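Hi there,

Here is the structure I promised to pass on to you. Have a look at it first, and then read my notes below.

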Amino acid sequence: AQLDRILIPAGPGTFCALGAVLADVRRDYVRTARHLIDGTGAGSQVVWQTLYQELRALEAEAEAWVATEGTLVGEHDFAVSFKLRYPSQAYELEILIPPERRSELSANMVCDLFHKEHHRLYGFSEPESALQTSTLRLGVIGRVAPVTLPNVGTQKIVMRGTRNVWNGNAMVEASIYDRAVIGEGGRVDGPAIIEQPDTTTFLLPGWSAQADSLGTLHIRREATR
């Protein structure tokens with residue numbers, strides 16, 4: 001039940017920043033839209049057209065923002081959702097429109113998706129009831145081009161020296177290594193100190209660290225003999 005494996009990326013101090021750089025870009029546009037829809041009747045269709053026009057306005061805002069971002073956003077797509085509830089309810093469900101069905105978006109579809117999701121969550125639905133909309137949300141998602149991380153290659157591991165460190169209530173002698181010399185397949189056994197510009201890793205006695213092709217250290221607790 002105890003932790004017996006740890007992964008340390010090649011640049012621990014900048015790992016979150018790397019994730020932010022590689023993540024898709026998203027910006028949400030939200031509009032309050034309080035209407036009753038049920039997908040039937042002329043009155044309901046007029047209301048739906050109002051909602052649809054509001055959605056188109058959000059798309060125009062999103063496209064204008066994409067145009068100002070240059071090559072950062074690149075290819076992009078939209079995520080459309082509605083917050084709805086039965087008129088007598090105090091809580092809402094956010095219904096995401098499946099991307100493959102957005103071209104056929106209609107009041108009937110939105111209502112049907114809500115009734116099915118409500119039944120899935122609560123075990124019942126009221127298909128004959130109108131629905132109260134409250135919020136229309138459109139997210140524009142810019143696809144960031146994938147980045148190929150470099151292979152660290154293989155190299156000979158050279159110990160820089162040793163250092164005495166406290167481990168629990170005892171002093172232990174730890175070997176010192178530069179992280180840069182631990183290439184693919186390279187292994188270090190604890191107790192050891194692995195140093196690099198953005199972090200220091202203390203490898204406990206009874207643990208080992210082995211690097212993969214990206215330089216990620218796979219730290220494992222050795223089996224107790």
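**Two sheets and a surface patch**

Four antiparallel strands make an open sheet in the order β2-β5-β3-β4; strands are DSSP runs (E, at least two residues) and helices likewise (H or I, at least four), numbered from the N terminus, and two strands pair if DSSP finds at least two bridges between them. Its edge strands, β2 (25–37) and β4 (93–96), each pair on one side only. From one strand to the next, the twist averages 20 degrees. Helix α3 (residues 107–122) packs on this sheet and touches β2, β3, β4 and β5 (contact means heavy atoms within 4.5 Å). The direction of α3 makes about 125 degrees with that of β4; axes are lines fitted to C-alpha atoms, for helices over the stretch in contact, and angles run from 0 to 180 degrees between N-to-C directions.

This is a predicted model: local features need pLDDT of at least 70, side-chain atom pairs count only at pLDDT 80 or more, and totals for chains, interfaces and linings use all residues. Residues are numbered from 1 along each chain as its sequence is written, and side-chain values use heavy atoms, leaving out hydrogens and water.

Another open, antiparallel sheet has four strands in the order β1-β12-β11-β8. β1 (5–8) and β8 (187–189) are at its edges with a single partner strand each, so one side of each has no neighbour in the sheet. Four bridges pair β1 with β12 (residues 217–221), and Leu7 stands opposite His218 in β12.

Finally, Val147 lies in the loop between β5 (131–142) and β6 (161–167).

Happy exploring!
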